[in-house]
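Take a look at the model below. The paragraphs after it walk through its pockets, its helices and its sheets.

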Amino acid sequence: MISPRRHAWIAAAAWTVLSILGIVLVAGIQIIPVIASREAEIENSAFVLLTVISVPVLMFVVVGLAYSALRFRAHGDQEDGPPIHGSRGFQTVWLGVSFALVIGLFGYGAVGLVDIRGARTSDFEVQVRAEQWAWHFQYPDSGVVSKELHIPVGERVHLIINSDDVIHSFWVPAFGVKQDAVPGHPTQIYLTATVAGTYPGLCAELCGFGHTDMRLTVVVTDRSALEDWLNHEQPPGAGGSQPPPSGSEQPT
């Protein structure tokens, strides 16, 4: 007859092996399908960390249930087993590990959030205006207004977001940022695109009949290409800073 201690060692060995295999499988994955900003890189790292930590926890439950079901299954005996009192040492370790995980993840998340928000300074600013069911982007220094968002790669961009009617939500999955557009209450996003290209975005808040068609396109280029585009789109006779569109007061 196998002693309880030996059962524990067998289950612990199975848990260790399966946990290592699971961590190896998930440690290198990219959870966010397309990563095109500094913020998305930080978020993907957080998702990977949470997945890695989840593997040993999952294996602890799976191995415990599977080993108990296979090794201690009843063979025709339907009577209740003898009562088993909890182990104070096990309970102490369980609570200690759980507490350490919660505090550790809270600290990691707080540092990541501060890193994502960063300093309230930017290299490029765009006024974003939402309405049912379209997006409009104004570049205050040139007076250009477009339905596509053009931003420079590798520079910190400040988006000031307004809504003319109902609540919308500005979301570009590849950038890992999402922010509501609230009527009468300007909101803002700071982001740094890291990969040049064209990326889709959408409204992530149910905003009416045309919600599913409220999409947007973000074009990320180097600064020279962006300046060329702004010069080409600039209205005749425009120059210097232009007043922001209606409802584009600065966020509080």
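**A walk through the model**

α1 (4-27), α2 (38-71) and α3 (88-117) each give at least two residues to the lining of the largest pocket. This is a predicted model, in which local features need pLDDT of at least 70, side-chain atom pairs count only at pLDDT 80 or more, and totals for chains, interfaces and linings use all residues. Residues are numbered from 1 along each chain as its sequence is written, and side-chain values use heavy atoms, with hydrogens and water left out. Helices (H or I, at least four residues) and strands (E, at least two) are DSSP runs, numbered from the N terminus.

Start with the empty space. Rolling a probe the size of a water molecule over the atoms shows where empty space is left. Here a pocket is an open set of points on a 1 Å grid over the protein atoms alone, where a 1.4 Å probe fits, with protein on both sides within 12 Å along at least five of seven lines; lining residues have an atom within 4 Å of a point. Grid points are joined across faces, edges and corners, and a volume is the space filled by probe spheres set on the points.

The largest pocket holds about 840 Å³ of space. Its lining counts 22 residues, and W15, F60, G64, F90 and W94 lie nearest the centre. What classes make up this lining? There are 15 nonpolar residues, seven polar and no charged. Ala, Val, Leu, Ile, Met, Phe, Trp, Tyr, Cys and Pro count as nonpolar, Asp, Glu, Lys and Arg as charged, and the others, Gly among them, as polar.

The second largest pocket holds about 310 Å³. α3, β7 (177-181) and β8 (187-192) each supply at least two of its lining residues. The lining includes E43, R117, K178 and Y190. By class, five of the lining residues are nonpolar, three polar and four charged.

Now turn to the helices. Two packed helices are described by the angle between their axes and the distance between the axes. The axes of α2 and α3 come within 10 Å and cross at roughly 170°. That makes α2 roughly antiparallel to α3, a label for angles over 145 degrees. Axes are lines fitted to C-alpha atoms, for helices over the stretch in contact, and angles run from 0 to 180 degrees between N-to-C directions. Contact means heavy atoms within 4.5 Å. Among the residues that make this contact are R38, I42 and F60 of α2 and F90, W94 and I116 of α3. The contact residues divide into 12 nonpolar, two polar and four charged. F60, F90 and W94 were met before, nearest the centre of the largest pocket.

Next come the sheets. Two strands pair if DSSP finds at least two bridges between them. One open sheet has five strands in the order β4-β10-β9-β6-β7, with mixed pairing. β4 (148-152) and β7 stand at the edges with a single partner strand each, so one side of each has no neighbour in the sheet. Neighbouring strands are turned by 25° against each other on average, direction ignored. Helix α4 (residues 223-233) packs on this sheet and touches β4 and β10; its direction makes about 140° with that of β4.

Look at the pairs inside this sheet. β9 (residues 197-203) and β10 (residues 215-221) are antiparallel, paired over six bridges. β4 and β10 run parallel and are joined by five bridges. In β10, T217 is the bridge partner of P200. T217 is also the bridge partner of E148.

Another open sheet has five strands in the order β3-β2-β1-β5-β8, again with mixed pairing. Which strands stand at its edges? They are β3 (144-146) and β8, each with a single partner strand, so one side of each is left without a neighbour in the sheet. The twist averages 25° from one strand to the next. β2 (residues 134-139) and β3 run antiparallel, joined by three bridges. Within that pair, V144 in β3 is the bridge partner of Y139. α4 packs on this sheet as well, touching β1 (124-131), β2 and β3, and its direction makes about 95° with that of β3.

One last detail sits in the loop between β1 and β2, where W133 lies. A cis peptide bond joins Q132 and W133, with omega about 0°.

Technical notes:
Parallel < 35°, antiparallel > 145°, perpendicular 65-115°, else oblique.
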